[in-house]
Amino acid sequence: MKLNWFRNKQNQMLLKLVVAILLMGFACRLLFFRSTTVSPILEQTPIARKSVVPNPNPSPSPNPNPKTLSPILEETNISQKSVVPIPNPNPTPNPNPNPPVYVQVQGNEDQVPPKENFEEKCDLLTGDWIPNPSGPTYTNRSCSLIESHQNCINNGRPDTGYLYWRWNPRDCELPPFDPERFLETMRDKTWALIGDSISRNHVQSLLCVLSQVEQAVQVYHDEDYRSKRWQFPSYNFTISVIWSPFLVKADIFEDFNGVSTSEVELYLDKLDKKWTDQYQNLDYMIISSGKWFLKSAIYHENDTVLGCHYCPKRNLTELGFDFAYRKSLRFVLDFIVSSNHKGLIFFRTSTPDHFENGEWSDGGNCLRTAPVKEGEMELKDLNRILRKIELEEFEKAALKASENGVNLKLLDLTMLSLLRPDGHPGPYREFYPYAKDKNATVQNDCLHWCLPGPIDSWNDVIMEMVVNG
């Protein structure tokens, strides 16, 4: 009896063992089969490993740590280019386990670009003037190239607060001008600033900053000392100022103080050879115009008088200064964009004046001693008209320049300069104007800039655009 019970028990255990072995075999077979076949569920959900994909976030800055796509995003992002990993059939030893091999799935072009393309270039010309305790890098004593009308300190201007500000873009740092690096970069190069007396004002600023490294040697001047050229011998670097206030041909009947004996004769279809004859030999140029077009002038084209601006004594059609400025500027820019020039050309917008209580000829002055904030001062109507023409004509020219491979850039210093009504000579364009009479009536200059002064910050912007940019 006991023997039969023991045998039955043994048979049951053996049966259970056989069943267990069969079940294990079936489970192993099922597991192997599933490991080599992707199920529909697995196809609809992301693989557990990291996937390298474009960041779907439309914001300007990409996520530097891309994550695995969610099921919803994976279904809606099919049309975009995606970069996903596939197993490497021939793995090699690597300190990083399971490195992915990348393939590109083609789709449309609306993918998120690389990070470097996302980083928008800093807007150097939108910012504020902030205190600069260190002050200017040169003085009227260390630089002998400052002309008397801009030498405000030497002429007795009593306040000095205007010297202790610097331009600060809001979204990035603007390094100070590095004269040694500039000269080294410009070795064997030629620069020219082409335009009116603001260009002459600017070239003095640039020369004074560079004179910290090496003194410039003047090698040329015209009969009236309005066009000049300097050289930095150690660097074989040449910089010029070319007097051409209209950029087109003009007969001017005016003395150094701006007193005219007749209207300007302006030829709207003839470029001024003073700059065009040197054009192809210049590596860098800053070209500007503007304020001179406000003067009384008679306009010529095709050897015919078209009309004039403010010529009441003549029986001519009043065309307005804006007509002549647009026509001349378009002619100049058309010449540039079709010139096949291989250097860099800046078109600088005209700078605003800060006359208050009048203008140049009727007692206007500029008595402010500190910068203003954005919105506290508006462009005058005439300056706004000039600027509108400049921006419109430049925009048209820039498209042609790009097509023709001409490197033409906009140097828009108008709004930056608008915030510095404190930076002009005012009455101190002359030597101690109130020395004999504290109540004397003197000519104020609220257009040009004291040196040193706010115009020095123009060089910081230019260096960033040319050298660091």
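This passage describes the overall make-up of a predicted protein model, its enclosed and open spaces, and one of its helices.

The protein chain of the predicted model contains 11 helices and 15 strands. Of its 469 residues, 42% are buried, and the accessible surface of the chain comes to about 26700 Å², with 54% of that area belonging to carbon and sulfur atoms. When contacts with a separation of 6 or more are considered, residues 24 or more positions apart account for 73% of them.

Attention then turned to the spaces left between the atoms. Rolling a probe the size of a water molecule over the atoms shows where empty space is left. A search of the whole structure returned two cavities of 30 Å³ or more. The largest cavity has a volume of about 50 Å³, and its lining is formed by Asp196, Ile198, Ser289, Lys291, Arg348, Ser350, Thr351 and Leu447. Sorted by class, the residues of this lining comprise two that are nonpolar, three that are polar and three that are charged.

The second largest cavity holds about 40 Å³ of space, and the residues that line it are Phe177, Phe182, Trp191, His202, Leu206, Asn459 and Ile462. Two elements, helix 6 (197–210) and helix 11 (456–468), each give two or more residues to the lining of this second largest cavity. Five residues of the lining of the second largest cavity are nonpolar and two are polar, while no charged residue takes part.

Besides these cavities, the structure has pockets, and about 870 Å³ of space lies in the largest pocket. The lining of the largest pocket is made up of 30 residues, of which Lys291, Lys295, Phe355, Trp360 and Leu447 lie nearest its centre. The elements that supply two or more residues to this lining are helix 6 and helix 9 (381–404), and the largest share, three residues, comes from helix 6. By class, the lining of the largest pocket has nine nonpolar and eight polar residues, together with 13 that are charged.

Lysine 291 appears in the lining of the largest cavity, and it is also listed among the residues nearest the centre of the largest pocket. Lysine 291 is placed in the loop between strand 11 (284–287) and strand 12 (297–301). Its relative accessibility is 16%, and because residues under 20% are classed as buried, lysine 291 counts as buried. With its neighbours within four places in sequence left aside, lysine 291 is in contact with Thr351, Pro352, Asp353, Asn383, Leu386 and Leu447.

Two of these contact partners, Asn383 and Leu386, are also among the buried residues of helix 9. The other residues of helix 9 that are buried are Arg387, Ile389, Glu390, Glu393, Phe394, Ala397 and Ala401. The buried residues of helix 9 pack against helix 8 (321–337), strand 14 (344–348), strand 15 (407–411) and helix 10 (414–418). As for the length of helix 9, its 24 residues should span 34 Å at 1.5 Å a residue, and the computed distance between its end C-alpha atoms, 35 Å, agrees with this expectation. Just after helix 9, glycine 405 takes a positive phi of about 75°.

Definitions and conventions: Residues numbered from 1 in each chain as written. Predicted model: local features only at pLDDT ≥ 70, side-chain atom pairs only at ≥ 80, totals over all residues. Heavy atoms only, no water. 1 Å grid on protein atoms, 1.4 Å probe; cavity = no way out; pocket = protein on both sides within 12 Å on 5 of 7 lines; lining within 4 Å. Points joined across faces, edges and corners; volume = space filled by probe spheres on them. Nonpolar A, V, L, I, M, F, W, Y, C, P; charged D, E, K, R; others polar. Helix = DSSP H or I, 4+ residues; strand = E, 2+ residues; numbered from the N terminus. Buried < 20%, exposed > 50% of the residue type's maximum accessible area, 1.4 Å probe, protein only. Contact = heavy atoms within 4.5 Å. Areas by Shrake-Rupley, 256 points an atom, 1.4 Å probe, with all protein chains shown as cover. Expected span 1.5 Å × (residues − 1).
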